[in-house]
Amino acid sequence: MPETPPSLPSLLVLDRLDSHRPTKFDLAASAQEMARIAKDLGLLGLAKLRFAGEIAPKGAQSWQVRATLGATATQACVVTLAPVKTRIDQQVTRRYVPEAQMPTTSPDSETELDDETDPIPDQIDLWDVAAEALALALPDYPKATEAPQDGQVFGPKGVAPMTDEEARPFAALAALKSKMTPDG
């Protein structure tokens, strides 16, 4: 059976960590910590939040966090506002490098932003890392199973509303073609 890493405080001061080997962590959020993160992320609720892994030195000046994030989040349905529960089990990797080694982008560059690399701080709050990873893993538009799944049709009184199908770019051409063909 693998050894459970010791519980560490969530705030890690990098100068105090062993610079030659990984430091393991296994954090289970308290009710207060889950309430704070849920409020910060605009969630209806958060349960079973756990963040476990290690922070290891990478080279002479960089650090890397590799961890597993587990949580059950409750969001409001974008259609009905009914609660929608989502289970998140996510692998998380964050690299902390000196400012000079940060990836650079310019408006003319086609390089995507690297959401795993940050400038090296003096300390890392593991709950902040977990909250950011959770925010990125949550569904953007959660829908309850009872929410209408097909397109909605709206329009002013007395006017035939446009459907999603009619709004497609070539729908008008297809309709015109069907009128012009003898079979249509």
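**Strands, helices and one aromatic pair**

Biologist: Let's start with a close look at the sheet: which residue in S5 does alanine 67 stand opposite?

Modeller: Happy to start there, with the reminder that this is a predicted model. S4 and S5 are antiparallel partners, joined over 14 bridges. Opposite alanine 67, the residue in S5 is valine 92.

Biologist: Thanks! In what order do the strands of that open sheet come?

Modeller: Five strands take part, and their pairing is mixed. The antiparallel sense is seen in S3 and S4, which share twelve bridges. The parallel sense is seen in S5 (residues 83-97) and S6, with three bridges. The order across the sheet is S2-S3-S4-S5-S6.

Biologist: Which strands stand at the edges?

Modeller: An edge strand here has a single partner strand, so one side of it is left without a neighbour in the sheet. From one strand to the next, the twist averages 20 degrees. The strands at the edges are S2 (23-28) and S6 (117-119).

Biologist: And what is the bridge partner of valine 97 in S6?

Modeller: Valine 97 falls within S5, which spans residues 83-97. S5 pairs with S6 in the parallel sense. In S6, the bridge partner of valine 97 is proline 119.

Biologist: Which residue has a positive phi in the turn between S3 and S4?

Modeller: S3 and S4 run antiparallel, and they form a hairpin with three residues between them. One of their bridges joins glycine 45 to threonine 74 in S4. In the turn, the residue with a positive phi, about 80 degrees, is glycine 59.

Biologist: What about the hairpin of S4 and S5: which residue takes a positive phi there?

Modeller: This hairpin has six residues between the strands. The positive phi, near 70 degrees, belongs to leucine 81.

Biologist: Is serine 62 buried or exposed?

Modeller: Serine 62 lies in strand S4, where twelve of the 15 residues are buried. Its C-alpha atom is 7.3 Å from that of arginine 95, although 33 residues separate the two along the chain. The relative accessibility of serine 62 is 9%, and the cut-off for this class is under 20%, so serine 62 counts as buried.

Biologist: Which residues form the one aromatic pair?

Modeller: A search of the whole structure finds one such pair. Its rings are tilted, with 5.5 Å from centre to centre and 40 degrees between the planes. The partners sit in strands S2 and S3, 26 residues apart. They are phenylalanine 25 and phenylalanine 51.

Biologist: How accessible is each of them: what is the relative accessible area of phenylalanine 25 and of phenylalanine 51?

Modeller: Phenylalanine 25 is buried, and phenylalanine 51 is buried too. The relative accessible area is 0% for phenylalanine 25, and for phenylalanine 51 the value is 0%.

Biologist: Now the helices: how are H1 and H2 oriented to each other?

Modeller: The axes of helix H1 (residues 31-41) and H2 come within 11 Å and cross at roughly 45 degrees. Their contact is made by residues including Arg36 and Leu41 of H1 and Trp127 and Leu134 of H2. The crossing is right-handed. H1 and H2 are therefore oblique.

Biologist: Finally, at what angle does H2 run to S5?

Modeller: Helix H2 (residues 126-137) lies across S2, S3, S4 and S5. Relative to S5, H2 runs at about 125 degrees.

Key: Residues numbered from 1 in each chain as written. Predicted model: local features only at pLDDT ≥ 70, side-chain atom pairs only at ≥ 80, totals over all residues. Heavy atoms only, no water. Pairing = 2+ DSSP bridges. Helix = DSSP H or I, 4+ residues; strand = E, 2+ residues; numbered from the N terminus. Axes fitted to C-alpha atoms, helices over the stretch in contact; angles between N-to-C directions. Contact = heavy atoms within 4.5 Å. Phe/Tyr/Trp six-rings, centres within 6.5 Å; stacked < 30°, edge-to-face > 60°. Buried < 20%, exposed > 50% of the residue type's maximum accessible area, 1.4 Å probe, protein only. Parallel < 35°, antiparallel > 145°, perpendicular 65-115°, else oblique. Left-handed = near helix turned anticlockwise from the far one by under 90°.
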